[in-house]
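Visitor: I would like to go through the aromatic rings here and hear the reason behind each label.

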Amino acid sequence: MDESQKPPAGLFDARYVAFLETIGHLRPRLHRYCSRMVGSVLDGEDIVQDALFRAYRKLDSYDGRKSLAPWLFRIAHHQCIDFLRRRGVRRAAEVEAAPSESVPPVEPTEPGVSLAIEHLVLTLPQKERACVLLKDVFDYSLDEIAALVGSTVGGVKSALNRGRAKLSLVSTDPKRRHPASSQEAARLRDLYIERFNRRDWDGVRDLIAADAQVRVADRYMGPVRGSPYFGRYDRLTTPWRLEPGEVDGEPVLLVLGRAADAWTPHATVRLELSKHRIVRIVDYTHCPWVLSAARSVASGDSPASARIPDPAAALG
């Protein structure tokens, strides 16, 4: 994302927050699409946030006579493609010989097919991945999909046929593997958690680089230094604590809240490290759909099966 498209540093302005609230009903669907396109519920949410800010900047060009959802999906789709290109995992989707366009796509009918598709679709090249998701999971028409992915109806049919044929050969859920954290990274994470839980904010800041950035989804983005981030947690009156955890196999920090006699995951926090310092914090407190969209959430050594319906409401 170029500099002109980045949200300004600091608290998001009231008009932008109002825009986010207006399209709130579309957020879980946008996140579901982006996270399945890129293979991570956390990366998916980052992409959605960037896409929505881009859409906000382009509102003057939006044709109000048309449905808002396809317009937002198109922007989010292009953000996903840009992300995959930057990550260096773009696959050649058009190298295979396309089957005859006269073969009609077969609609999935078995219960649970949509969920299975979402789990397996990451094995497909980008175009096939997008077409299968948009058609078989989100039920867009062929014309709508063609407009979203910049193709023709015939091209969409071919991509659907190729994608569905490949999915029918896959019988197990692909596993995303992450390299084990280094001892230094684990030590830094554990220190951060221990000091955070003691509300030792000066000790926490000692672990953070001078130019580190923090992003609280839909609320704030800017330097950690001078931000209201730690003060927000310090003011919480409900019991909470941080623990190491995993979301779909990715190491994260989980914010746990006390519910009855159990600690339950309410939100996810991602730390980025460099040269023995924390350089970026992303807090997804205000995005409850991130945890609910994950296939697996583990706190400490145990799977976390119980979830609070609205983490943002519990954490303020």
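Visitor: Which residue lies over the face of tryptophan 240, and at what distance from the ring centre?

Guide: This is a predicted model. In it, arginine 199 lies over the face of tryptophan 240, 3.9 Å from the ring centre. The distance limit for a charge over a ring is 6 Å, so 3.9 Å falls within it. Arginine 32 has a similar entry: it lies over the face of phenylalanine 138, at 5.5 Å from the ring centre.

Visitor: How many aromatic pairs does the structure hold?

Guide: The structure holds 19 aromatic pairs.

Visitor: Why is the pair of tyrosine 33 and phenylalanine 73 called tilted?

Guide: Their planes are 55° apart, which is neither under 30 nor over 60 degrees, so the pair counts as tilted. The centres lie 5.7 Å apart, within the 6.5 Å limit, and therefore the rings pair.

Visitor: What makes this pair a tie between separate parts of the sequence?

Guide: Tyrosine 33 belongs to helix α2 and phenylalanine 73 to helix α4, so the pair ties together parts 40 residues apart in sequence.

Visitor: How do you know whether tyrosine 33 is buried or exposed?

Guide: Its relative accessible area is 1%, and buried means under 20%, so tyrosine 33 is buried. Phenylalanine 73 also has a value of 1% and is buried.

Visitor: Why is the pair of tryptophan 201 and phenylalanine 230 called stacked?

Guide: The angle between the planes is 25°, and under 30 degrees counts as stacked, so the label follows. Tryptophan 201 is in helix α10 and phenylalanine 230 in helix α11, 29 residues apart. Both residues are buried. They belong to one aromatic cluster, whose members include Tyr192 and Trp240.

How values were computed: Residues are numbered from 1 along each chain as its sequence is written. This is a predicted model: local features need pLDDT of at least 70, side-chain atom pairs count only at pLDDT 80 or more; totals for chains, interfaces and linings use all residues. Side-chain values use heavy atoms; hydrogens and water are left out. Rings of Phe, Tyr and Trp (its six-membered ring) pair if their centres lie within 6.5 Å; planes under 30 degrees apart count as stacked, over 60 as edge-to-face and the rest as tilted. Helices (H or I, at least four residues) and strands (E, at least two) are DSSP runs, numbered from the N terminus. Buried means under 20% relative accessible area, exposed over 50%, partly exposed in between (1.4 Å probe, protein chains only). A charge sits over a ring if NZ of Lys or CZ of Arg is within 6 Å of the ring centre and within 35 degrees of the ring normal.
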